[in-house]
Amino acid sequence: RVPQVLSSVDEVVELYRELSRHPGLKAACLGPDVTTQYGGKYCSLYTEWLQRDLARAESVKFCRQYLIFHDGASVVYSGPAGTCSEIKDELLSQESPSRALKAVLRKVPSKEKEEKQFLEVWDQNSKVKSIDLTALDKHGTVCDDDHFGCLAWSHSETHLLYVAEKKRPKAESFFQSKAPELSASNEDVGRPEKADVPLKVGSPRPRAGRGQQGGRGADRFVPQGEQFVYHEDWGEALSKRSMPVLCVMDVEASSVSVLEGVPEHLCPGQAFWSPDDTGVVFVGWWPEPFRLGLQHCTNRRSALFYVDLTSGSCEQIPENNPAVWSPRLSPDRCRIIYLENNVFGPHQQCSCLRMYDWYTKQTSTVLEAVPRQTWGEYRPQGGSGGHRRMLSTTTLITGAFPGIYCGALPRLCWAADSRRLVLDTAQRSQQDMFVVDTVTGATTSLTADAPQGSWSVLTIDRDILVARFSTPSSPHTLVRCCPLPSAHQPLSGPTPTLLLVQKVAVLPSAGLEVQVQWVCLQDAPRVPGISWSIRTLRPPPEQEHPQYGGLDFDAILLRPSECPATQKHPLVVMPHGGPHSVFTAGWMLYPAALCRMGFAVLLVNYRGSLGFGQDSVASLPGNVGTQDVRDVQLCVEQVLQEESVDVGRVALVGGSHGGFLACPLLGQFPDTYHACVVRNPVVNIASMVAATDIPDWCLTETGLPYVPGTLPDLAQWTEMLHKSPMRYIDQVHPRPRPWGGVGMALTPSLPSSLLLYPGNNHALAGVEAEADGFMNMVLWLVKHLRC
């Protein structure tokens with residue numbers, strides 16, 4: 001019997017509405033410990049969540065707080081403190097080191113065209129400061145993105161540091177009418193100019209380099225005929241970011257200064273105060289010869305810099321950085337940890353972990369890039385709810401460190417000893433948490449024996465670790481570990497259960513056993529009807545990479561679980577984008593919704609995906625369109641042979657590079673696939689190179705050298721066209737299927753459906769576009785797979 005797939009529009013709408021209500025956990029912050037009159041301790045936990053609001057067609061941010069009672073070794077009691085409440089118009093927020101104050105950057109609607117921005121300071125009782133940054137007119141819009149944005153308290157809690165766009169003079173037309181000049185002075189009209197308040201942060205009292213810039217009085221010259229001059233930006237996701245500057249607010253004086261001393265050829269961001277408050281440390285990006293897209297690109301030339309507020313000097317620390325980001329100062333203010341990649345090459349790579357000693361001025365390597373993980377004898381890893389691994393003859397040694405693959409370190413990642421730090425990273429098709437000893441370079445998994453899925457560090461404070469956990473069938477769950485053991489004690493993960501309280505066995509150096517408890521603070525119910533497994537595959541000898549042989553890859557298979565195992569479900573194949581990205585076994589709305597509808601879903605992590613070692617990443621450039629295509633097809637053919645799926649109802653769905661792969665798969669294997677949906681696919685690399693903010697991607701992934709400031713030659717254009725899916729268009733059977741690429745959608749021999757979503761960028765991640773895209777996708781699949 002052919003299983004039924006949910007096909008009623010109303011029922012699909014209700015299903016999507018139900019699943020989209022599951023919020024995503026984005027941030028957590030621990031309050032200070034409070035000692036009760038009986039000697040017990042408790043602290044508050046503030047969390048921020050994002051939830052889709054389909055009626056408002058926007059993502060809603062809300063907060064929820066918890067009270068956690070503990071004795072320093074385990075959690076005694078925990079529970080929510082009140083109901084959730086929406087957070088309105090907050091762009092950035094940051095508590096002071098003592099937790100006595102909180103800074104908030106807020107946008108406020110204005111009668112004018114542009115929104116106003118206010119920088120607020122709150123204490124435990126009320127709002128004590130509210131500064132209209134727009135009215136001050138010292139700089140442009142404050143950066144609230146993950147690349148440049150920051151909001152940092154000085155250690156003395158007297159100043160706030162942030163990054164904003166540099167103020168540009170308002171240009172006028174050549175034909176602008178000019179008012180007659182008045183001879184009266186400012187004093188005559190009652191408008192005395194006020195000098196900027198000198199910057200005073202610590203002891204000795206520093207000054208802001210060679211004075212401050214900004215303010216209306218400093219901008220008397222109004223350029224003519226420059227209102228249409230083009231200013232480069234940092235890509236589509238950062239289209240409003242061009243020339244950031246460092247800014248400081250004096251909390252007591254309510255004044256704002258724009259720091260000088262940063263060279264004109266650098267764009268600063270991710271800044272924080274130096275250990276003695278007399279300077280600022282920041283990441284500086286070189287915009288030369290021109291700006292390239294920064295979104296998901298950790299390979300842009302950048303370095304750590306220190307600007308001294310007393311002398312105004314700026315120096316690079318340490319020297320010869322290639323591409324760095326995510327610096328984090330240790331609690332004892334002695335060391336800075338940061339991530340480092342090679343310049344250019346793949347946009348995402350296996351990163352190095354470096355450490356800079358502030359006082360000795362020495363740089364050390366904590367962790368190098370990992371070529372491959374350690375493999376050994378098979379050790380089965382179980383999981384509830386059908387979470388099983390289907391492996392070849394060998395498997396990964398439990399707890400082996402895979403290397404660092406992450407967009408950023410947690411904002412608070414240091415343990416209280418200022419020696420260890422906690423991070424999460426992709427480990428094949430999972431995401432796991434590790435403790436890193438920065439002195440020895442030893443890494444220990446915190447989740448080696450934990451339930452399989454996706455674990456993320458939210459924060460660690462006073463060795464209280466807060467983490468997020470999810471699986472393909474379980475939305476985000478909030479868990480807390482208290483406390484971490486001392487630096488010399490080995491760690492192990494919790495037992496593989498999904499109970500509200502999970503225990504961790506800890507072996508101290510003296511042989512005494514210490515227990516660490518995992519507590520589930522926000523227990524999300526498992527979504528019924530979904531089972532999943534992770535499958536490991538190895539390409540046949542003829543498809544091995546000549547330089548990087550022996551690589552394997554994974555796929556995550558989701559299946560409807562409420563039907564007999566013998567029923568054959570239609571299969572949706574989804575390769576990820578990037579191409580240097582990865583599907584981890586966490587909560588994803590589209591795959592979960594498709595599975596609940598009655599589709600089996602195959603998420604393919606082909607060779608080149610993150611989490612499998614740097615060799616896997618390096619194997620793909622020059623082989624896009626061949627190696628990745630073969631990996632996906634190999635995986636599909638094996639699943640069709642070994643699983644109860646319908647070989648006559650197989651579809652492709654992919655976005656970006658996933659769409660790039662869907663197109664040649666459809667062209668080369670037209671008898672395998674019967675429908676296709678792609679989102680913003682790359683169909684012609686040769687034409688993309690002249691129109692994108694990441695032209696280096698086009699050459700690098702084609703296997704060609706990228707030289708900034710130069711155009712490809714004829715041979716390179718030809719090679720890019722040769723590796724493009726466009727060359728397979730004549731091999732596709734002329735039956736209806738949507739392509740997503742405008743050129744291919746308008747091809748007469750391929751009837752198709754094309755949807756455009758104004759106001760969205762490459763990811764099509766807007767709530768309305770995401771929901772409408774899902775509905776059109778599933779209705780197309782239902783129609784053309786004859787469900």
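Start by selecting residues 695-702, helix 8 of this predicted model. The buried residues here are Pro 695, Asp 696, Trp 697, Cys 698, Leu 699, Thr 700, Glu 701 and Thr 702. That is eight of eight, so the helix is mostly covered, taking buried as under 20% relative accessible area. To see what does the covering, add helix 6 (657-668), helix 7 (685-688) and helix 9 (714-722), which are among the elements over these buried residues. Then step to Gly 703, which follows helix 8 and has a positive phi, near 95 degrees.

**The whole chain**

Zoom out. The protein chain holds eleven helices and 39 strands. Of its 787 residues, 55% count as buried. Among contacts with a separation of 6 or more, 62% are between residues 24 or more positions apart.

**Sheet 19-20-21-22**

Select strands 19 to 22 next. They form an open sheet of four strands in the order 19-20-21-22, with antiparallel pairing. Strand 19 (323-329) and strand 22 are at the edges with a single partner strand each, so one side of each has no neighbour in the sheet. From one strand to the next the twist averages 30 degrees.

Now isolate strand 21 (residues 352-357). How many of its residues are buried? Six of its six are, and the strand is mostly covered. In a regular strand the side chains alternate between the two faces of the sheet. Show the side chains of strand 21 and look at each face in turn: Cys 352, Arg 354 and Tyr 356 lie on one side, Leu 353, Met 355 and Asp 357 lie on the other, and all are buried.

Move to the partners of strand 21. Strand 20 (residues 335-341) runs antiparallel to it and is joined to it by six bridges. Pick Arg 335 to find Asp 357 of strand 21 opposite. With strand 22 (residues 363-367), strand 21 pairs in the antiparallel sense over four bridges. Two positions to label there are Leu 353, whose bridge partner in strand 22 is Leu 367, and Met 355, which stands opposite Ser 364 in strand 22. Follow the chain through the hairpin of strand 21 and strand 22: five residues lie between the strands, and Lys 361 takes a positive phi near 60 degrees.

**Sheet 7-8-9-10**

Another open sheet of four strands has the order 7-8-9-10, again with antiparallel pairing. Its edge strands are strand 7 (90-95) and strand 10 (127-132), each of which pairs on one side only. The twist in this sheet averages 15 degrees from one strand to the next. Select strand 7 together with strand 8 (residues 102-108): five bridges join the two, which run antiparallel. Glu 95 stands opposite Lys 102 in strand 8.

**Nonpolar cores**

Which residues touch the most other members of the largest nonpolar core? Among its 43 residues they are Leu 571, Val 573 and Leu 602. Helix 5 (residues 627-642) gives the largest share of this core, six residues. Centre the view on Leu 571 and display its surroundings. Leaving aside neighbours within four places in sequence, Leu 571 is in contact with Leu 557, Ala 600, Val 601, Leu 602, Val 639, Leu 640, Val 645, Arg 649, Val 650 and Ala 651. Apart from this core lies another, of 39 residues, including Val 5, Ala 585, Ala 593 and Ala 651.

**Helix 3 against helix 11**

Keep Ala 593 in view and select helix 3 (residues 589-597) with helix 11 (residues 767-784). Their axes come within 12 Å and cross at roughly 35 degrees, and the crossing is right-handed. On the helix 3 side, the contact is made by Leu 589, Tyr 590, Ala 593, Leu 594 and Met 597. Helix 11 contributes Glu 770, Gly 773, Phe 774, Met 777, Val 778, Leu 781 and Val 782. Colour the contact residues by type: ten are nonpolar, one is polar and one is charged.

**Last stop: Gln 543**

Select Gln 543, in the loop between strand 34 (530-537) and strand 35 (553-560). Beyond its neighbours within four places in sequence, Gln 543 is in contact with Arg 607 and Arg 630. Finally, draw a distance from its C-alpha atom to that of Thr 626: the separation is 9.4 Å, for residues 83 apart along the chain.

Definitions and conventions
Residues are numbered from 1 along each chain as its sequence is written. This is a predicted model: local features need pLDDT of at least 70, side-chain atom pairs count only at pLDDT 80 or more; totals for chains, interfaces and linings use all residues. Side-chain values use heavy atoms; hydrogens and water are left out. Contact means heavy atoms within 4.5 Å. A nonpolar core is a set of buried Ala, Val, Leu, Ile, Met, Phe, Trp, Tyr and Cys residues joined through side-chain atoms within 4.5 Å. Buried means under 20% relative accessible area, exposed over 50%, partly exposed in between (1.4 Å probe, protein chains only). Two strands pair if DSSP finds at least two bridges between them. Axes are lines fitted to C-alpha atoms, for helices over the stretch in contact, and angles run from 0 to 180 degrees between N-to-C directions. A crossing is left-handed if the near helix is turned anticlockwise from the far one by less than a right angle, and right-handed if clockwise. Ala, Val, Leu, Ile, Met, Phe, Trp, Tyr, Cys and Pro count as nonpolar, Asp, Glu, Lys and Arg as charged, and the others, Gly among them, as polar.
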